[in-house]
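User: Please take a close look at the internal cavities of this structure and describe what surrounds them. I would also like to see the packing of the nonpolar cores set out alongside.

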Amino acid sequence: MQQKSKMIGLFAAMSVVGGAAWAGPDEDQLTINGEIAIVTETAAPEHMANVKTIYSGWRFRSDETQAVQMDDFDNPGMLGVENALVDWETADGSEGKSCASCHGASEEMAGVRAVYPKWNEEKGMVTTLEMEVNNCRETRMGAEKWKYTGSDMTDMVALISSVSRGMPVNVAIDGPAQSTWEQGKELYYTRTGQLELSCANCHEDSYGMMIRADHLSQGQINGFPTYRLKNTKLNSVHARFKGCVRDTRAETFSPGSAEFIALELYVASRGNGLSVEGPSVRN
């Protein structure tokens, strides 16, 4: 069985090489609504030994797809932001509080998305935005938790992201967060599944290649949540992780698991210096 798996992985790798063509990131520049300048290319963080320059996934999309993200009136992901604005102002739970009761206007969250995931001293662990939203709902509002990858949660993260657009991603990976970051790094480079592929095989070794109709990006997550034309909805980071691992024909982790939290921290740190741009639009 092990030999069979290796043969399947080898065949897949040969198929990739044989059916791939180089088509690197374009040179287009992203400005949203004619006023929010987005950094889509910058020097790679020091911890990335194998990559010199990092690019937003936007740079790997067609002109038509790029244009959809350049205007909020065209971006279907902004419908999720509008839904979240209603939730932001709506009291829920036994305490009769809304998000606005504690945080004020949603614009007060500017800068938050840029630093998550981050170490939570009180909990003694790295937490994601989804975890913090549910923490507020449970402990401050007395409301039920939202499903980690549910539409309510993804819309709320899109809202929090939208008010940080243009700000540089600046995820901390030192101090108490370092061990989680190291775990995420190991996961990123570990081959899994029948195809024996790692995250790095596609998004570090092969980015820029055209494989069938797909243009491989560096797998940056500065644009999440992202509206995918493929499934016509906003997609969260962990939902995309789950799909990627599944595509290697491996048993995947659950959204919100310790493994995916670690992986998110590592992948987010690979985008340090790019702009927050969610909700983005991708294929």
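Analyst: In this predicted model, the largest cavity is lined by Arg113, Tyr116, Pro117, Leu129, Glu130, Thr154, Val157, Phe224, Pro225, Ser236, Val237 and Glu264. Two elements, helix H5 (129-140) and helix H6 (151-162), each contribute two or more residues to that lining. By class, seven of the lining residues are nonpolar, two are polar and three are charged. The volume of this cavity is about 100 Å³.

A search of the whole structure yields two cavities of 30 Å³ or more. The second largest encloses about 60 Å³ of space. Its lining consists of Arg113, Tyr116, Pro117, Val169, Gln220, Ile221, Asn222, Glu264, Val267, Ala268 and Gly271. Here the residues divide into six nonpolar, three polar and two charged. Arg113, Tyr116, Pro117 and Glu264 appear in the lining of the largest cavity and also in that of the second largest.

The cavity linings lead on to the nonpolar packing. Ile221 and Val267, which help to line the second largest cavity, are among the members of the largest nonpolar core that touch the most other members, together with Tyr188, Phe241, Leu263 and Leu265; this core has 22 residues. Helix H7 (178-189), H9 and H10 are the elements that supply two or more residues to the core, and H10 gives the most, with seven. Within this core, Leu263 shows how the packing is built: beyond its neighbours within four places in sequence, Leu263 is in contact with Gly184, Leu187, Tyr188, Cys199 and Phe241. Of these partners, Tyr188 and Phe241 are themselves among the core members with the most contacts to other members. A second, separate core comprises 20 residues, including Met109, Met153, Met156 and Ile160. In soluble globular proteins, nonpolar side chains tend to be buried together.

Phe253 offers a contrasting case. This residue lies in the loop between helix H9 (237-247) and helix H10 (258-269). Why does Phe253 not count as buried? Its relative accessible area is 31%, so Phe253 is partly exposed, whereas a buried residue must have under 20%. Apart from neighbours within four places in sequence, Phe253 is in contact with Leu187, Lys242, Glu259 and Phe260. Leu187 is thus a partner of Phe253 and also of Leu263. By comparison, the C-alpha atoms of Phe253 and Val163 are separated by 30 Å, and the two residues are 90 residues apart along the chain.

Methods. Residues are numbered from 1 along each chain as its sequence is written. This is a predicted model: local features need pLDDT of at least 70, side-chain atom pairs count only at pLDDT 80 or more; totals for chains, interfaces and linings use all residues. Side-chain values use heavy atoms; hydrogens and water are left out. On a 1 Å grid over the protein atoms alone, a cavity is a set of points where a 1.4 Å probe fits but cannot get out, and a pocket is an open set with protein on both sides within 12 Å along at least five of seven lines; lining residues have an atom within 4 Å of a point. Grid points are joined across faces, edges and corners, and a volume is the space filled by probe spheres set on the points. Helices (H or I, at least four residues) and strands (E, at least two) are DSSP runs, numbered from the N terminus. Ala, Val, Leu, Ile, Met, Phe, Trp, Tyr, Cys and Pro count as nonpolar, Asp, Glu, Lys and Arg as charged, and the others, Gly among them, as polar. Buried means under 20% relative accessible area, exposed over 50%, partly exposed in between (1.4 Å probe, protein chains only). Contact means heavy atoms within 4.5 Å. A nonpolar core is a set of buried Ala, Val, Leu, Ile, Met, Phe, Trp, Tyr and Cys residues joined through side-chain atoms within 4.5 Å.
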